[in-house]
Every structure is written in structure tokens, then in C-alpha cells.
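Student: Got a minute to go through this structure with me? I'd like to talk salt bridges and packing.

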Amino acid sequence: PDMIIVKNRSATEPWATYHSSLGAHFGTYLNTTATPYDLNIYWNDTEPTSSVFTVNTHTIVNGNTNNMIAYCFAEVDGYSKIGSYEGNGNADGPMVYTGFRPAWIMIKRTNTTGGWHIHDSARNTGNLTETMVVLSANNNDAEYAHVNYQTDFLSNGFKLRNTTNEWNGDGDTHVYMAFAEQPFKYANAR
């Protein structure tokens, strides 16, 4: 998997998150804005394989006799893309190639604090949208409209059209996960 989200359902613990762009020495939390932690206590400094992922002994990812759940995501050509990009702080921001038109993207800034922001094509039907409706995985707020998160959903990826630090901070590293609106590989002819 390129992204793993683990939750201890028996204890009050955060949602531990692995992202392949950060590597197995780092962990971050889906429910906070914290910078990724440089620790081996979550993924045991061991990259996942095609059949297993490794956890250490911390209660967040491996509570003794606790009820645990893990969501594992891998890239599927033409369907999902998981990666990273560097922001430029310019309204003509980076174009992130996914190989498909995204229906849903989630982005987090990783070299400093930043939320997990979600855009989708169901809430934002125009392109370029002047006001983006955004969800945040790291809080329990309702969706909200924001004029500073303009993003183009392109036929082969997405392009940042904003100068917001959490999406396009100059020199900042951002990780993302994207899913296709209509996967090319599996699309039916009409």
C-alpha cells in the first residue's frame, strides 16, 4: 500500500497514517494538523510489501488485545494516485499528473503543520471554481466554502490555482491521494 490509516477502536488514540512519500520512519495523524513524526514506533521502519505492513508496539497501531482497523490504499493505474508535490506559492501553481480526471483529492502539507483538505467534483462542479467547497479530515466541521483554494480538475490531474500555504506553500512538500472521476482503464463505451 501507498497509504495506510490505522485506528485503535478500543482506545482513545489518533488515526495513525503512513504515506509512501514520507516513508516508514515517519507517521502522521489523519485527525490533526501536526507535522509528520520522525519515529519508528508506528511502522517499525519497515516499508510495506504487496502482502503485509509492519507495526511496532505502540498502542496507536498495535494495542494489546485492542480492536484495530486498517485502511490500506494502493495505486491502481487509471483509478487512484498517491504521491507528493512541491508548492510554488504562485496562483499559477504546480500541475500534478494523476493520469485521470480526479473526482476526489485529499492534500496535506508535510514539512510543517497543515490540515488534511478534501476537494471533490460533486461539490465543485465548475472548473476553475472561484469558491471551493472543502472538507477537512482533521476536524468535525461541516463542509465550508473558501475563496482561496481554487484548483483545476484536469483530464489528467489537477492544477493548483491558489497561493494558500496548506495547498501550495512556496517550497512546501504536500502529500496527496486522488481517485478518478471515470477511470479510463475501466470506462465503458457508449
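Tutor: Sure. Start with Arg109: its relative accessibility is 10%, under the 20% cut-off, so Arg109 counts as buried. Keep in mind that this is a predicted model.

Student: Which residue does Arg109 form a salt bridge with?

Tutor: Asp172. The closest N and O atoms are 3.2 Å apart. Asp172 is buried too, at 10% relative accessibility.

Student: Where do the two sit in the chain?

Tutor: Arg109 is in strand E8, and Asp172 is in the loop between helix H2 (165–168) and E14. They are 63 residues apart, so the pair links distant parts of the chain.

Student: How many salt bridges are there by this rule?

Tutor: Six. One of them joins Asp92 and Lys159, with the closest N and O atoms 2.9 Å apart.

Student: Is Asp92 buried or partly exposed?

Tutor: Partly exposed, at 44% relative accessible area. Lys159 is buried, at 13%.

Student: Which residues are linked with those two in a network?

Tutor: Asp152 and Arg161. Those two form a salt bridge with each other, again with N and O atoms 2.9 Å apart at the closest. Asp152 is buried at 9%, while Arg161 is partly exposed at 30%.

Student: Switching to packing. Which residues touch the most other members of the largest nonpolar core?

Tutor: Tyr85, Ile105, Ile107, Phe158, Trp167 and Tyr176, out of 14 residues. Strand E14 (173–180) is one of the strands supplying at least two residues. E14 gives the most, with three.

Student: What does Trp167 touch?

Tutor: Leaving out residues up to four places away in sequence, its contacts include Tyr85, Ile105, His117, Tyr149 and His174.

Methods: Residues are numbered from 1 along each chain as its sequence is written. This is a predicted model: local features need pLDDT of at least 70, side-chain atom pairs count only at pLDDT 80 or more; totals for chains, interfaces and linings use all residues. Side-chain values use heavy atoms; hydrogens and water are left out. A nonpolar core is a set of buried Ala, Val, Leu, Ile, Met, Phe, Trp, Tyr and Cys residues joined through side-chain atoms within 4.5 Å. Buried means under 20% relative accessible area, exposed over 50%, partly exposed in between (1.4 Å probe, protein chains only). Helices (H or I, at least four residues) and strands (E, at least two) are DSSP runs, numbered from the N terminus. Contact means heavy atoms within 4.5 Å. A salt bridge is a side-chain nitrogen of Lys or Arg within 4 Å of a carboxyl oxygen of Asp or Glu.
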